[in-house]
Amino acid sequence: ICTELERIDLNEFITNGQTGIYLIRADSDSMEHEIRDGDYMIVNRELAPNSGDAVVAYINGRFTVKDFKSRHNGLFLVPKNEKYQPQMVTAKDDFEIFGIVTGIVRKFK
């Protein structure tokens, strides 16, 4: 329920005055329910990933959005959608965490 109207600076709201913040459009259903195809993800390049964070990662020539999991047997990129399998990151992979997903912007219409 809205109790009052408030004007905000959308840029300030999204970036909190930080640099290294990107809006990236999702174009997959691998994180379905949390991040939908067409959503704009707010991605912070200045944060270090923690296990469980949703990340934009570059792996072997492709960008992907997955949950980052650090386990005793290695690093994994884990989708939310059960039709996709987790991917283990190995030393042979060309891998980089581009940034941490800190929010989304979604249009309804």
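**View 1. Seven strands build an open sheet in this predicted model.** The strand order is S1-S2-S7-S3-S4-S5-S6, with antiparallel pairing. At the edges sit strand S1 (21-25) and strand S6 (87-89), each of which pairs on one side only. On average, neighbouring strands are turned by 45° against each other, direction ignored; the axes behind this angle are lines fitted to C-alpha atoms. Strands here are DSSP runs of E with at least two residues, helices are runs of H or I with at least four, and both are numbered from the N terminus. Two strands pair if DSSP finds at least two bridges between them.

**View 2. Here is a closer look at strands S2 and S7.** Strand S2 (residues 40-44) and strand S7 (residues 95-105) run antiparallel and share five bridges. Look for Asn44, which stands opposite Ile100 in S7.

**View 3. The protein chain holds one helix and seven strands.** Along the sequence, the pattern reads α-β-β-β-β-β-β-β. Of the 109 residues, 31% count as buried, meaning under 20% relative accessible area with a 1.4 Å probe, protein chains only.

**View 4. How confident is the predictor, element by element?** Confidence is given as pLDDT, on a scale from 0 to 100 for each residue. Helix H1 (residues 10-15) has the lowest mean among the elements, 88, and strand S3 (residues 54-59) the highest, 97. For the protein chain the mean is 92, and 99% of residues reach 70 or more.

**Notes for all views.** Residues are numbered from 1 along each chain as its sequence is written. In this predicted model, local features need pLDDT of at least 70, side-chain atom pairs count only at pLDDT 80 or more, totals for chains, interfaces and linings use all residues, and side-chain values use heavy atoms, leaving out hydrogens and water.

Notes:
Axes fitted to C-alpha atoms, helices over the stretch in contact; angles between N-to-C directions. Buried < 20%, exposed > 50% of the residue type's maximum accessible area, 1.4 Å probe, protein only.
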